[in-house]
Amino acid sequence: MAAVKEQQEFVKKLQSEREKLQVLTKEFQKCVSTRQQFDAQLNENDLVLSEFNRLKSNAEVFKLVGPVLVKQEVTEAISTVKKRITFIKGELERCDKNISVLKKSRASQREALMKMQQQYQQKVQAMQQAAAK
């Protein structure tokens, strides 16, 4: 009976470790998705900046404010886009750090789970051998 109880406790620990791994995996996927969104925004803003650089000196730029287009200075528009690009690059760096940390956490959690599964299999085999004798 004690062996069965011990086995049940071990199974609960295994399930707990699996759940931890699943949580880490979800966090990892969320960070990767966020990074992809920032990457798309960066590409979009780089494209806008390249378009601004192709403008003639007397060109007019308009900014959408609600339902209205408002005239904006070209230099101000370029400055705004450059600031946005800087911000997005900072967010990408932050995402990369989080992804790196989560990769390491997932790897160590996966290793711990595999070790526990091996221990569980060894215990089950030992119990089966003991029962067979």
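# Asking why: two helices and a hairpin

Author: Welcome! In this predicted model, a polar contact of 2.7 Å joins the side chains of Arg-94 and Glu-91.

Reader: What makes the link between the side chains of Arg-94 and Glu-91 a polar contact?

Author: A polar contact needs a suitable pair of N or O atoms within 3.5 Å. The value for Arg-94 and Glu-91 is 2.7 Å, so the pair meets that cut-off.

Reader: Why is Arg-94 called partly exposed?

Author: Arg-94, a residue of helix α2, has a relative accessibility of 41%. Partly exposed covers the range between the 20% limit for buried and the 50% limit for exposed, so Arg-94 belongs in that class. Its C-alpha atom is separated by 9.8 Å from that of Cys-31, although the two residues are 63 apart along the chain.

Reader: Why does Gln-109 count as buried?

Author: Gln-109 is also found in helix α2, which spans residues 74-132. Its relative accessible area is 12%, and buried means under 20%, so Gln-109 is buried.

Reader: Which residues is Gln-109 in contact with, leaving aside its neighbours within four places in sequence?

Author: Setting those neighbours aside, Gln-109 is in contact with Glu-17, Lys-20, Leu-21 and Leu-24.

Reader: How many aromatic pairs does a search of the whole structure find?

Author: The search finds one. Its members are Phe-10 and Tyr-120, with 5.9 Å from centre to centre and 5 degrees between the planes. The pair links distant parts of the chain, with Phe-10 in helix α1 (residues 2-54) and Tyr-120 in helix α2, 110 residues apart.

Reader: What makes Phe-10 and Tyr-120 a stacked pair?

Author: Ring centres must lie within 6.5 Å to pair, and planes under 30 degrees apart count as stacked. Phe-10 and Tyr-120 have values of 5.9 Å and 5 degrees, so they pass on both counts.

Reader: Why is Phe-10 called buried, and why is Tyr-120 called partly exposed?

Author: Phe-10 has a relative accessible area of 9%, so it falls under the 20% limit for buried. Tyr-120 has 23%, which lies between 20% and 50%, so partly exposed is the right term.

Reader: How do you know that strands β1 and β2 pair?

Author: Pairing takes at least two bridges. Five bridges join β1 (residues 61-65) to β2 (residues 68-72), so the strands qualify. They run antiparallel, and Leu-64 stands opposite Leu-69 in β2. The two strands form a hairpin with two residues between them, and Gly-66 in the turn has a positive phi of about 65 degrees.

Technical notes
Residues are numbered from 1 along each chain as its sequence is written. This is a predicted model: local features need pLDDT of at least 70, side-chain atom pairs count only at pLDDT 80 or more; totals for chains, interfaces and linings use all residues. Side-chain values use heavy atoms; hydrogens and water are left out. Helices (H or I, at least four residues) and strands (E, at least two) are DSSP runs, numbered from the N terminus. Buried means under 20% relative accessible area, exposed over 50%, partly exposed in between (1.4 Å probe, protein chains only). Contact means heavy atoms within 4.5 Å. A polar contact is a pair of N or O atoms within 3.5 Å; within protein, one must be able to donate a hydrogen and the other to accept it, and residues adjacent in sequence count only if both atoms are side-chain atoms. Rings of Phe, Tyr and Trp (its six-membered ring) pair if their centres lie within 6.5 Å; planes under 30 degrees apart count as stacked, over 60 as edge-to-face and the rest as tilted.
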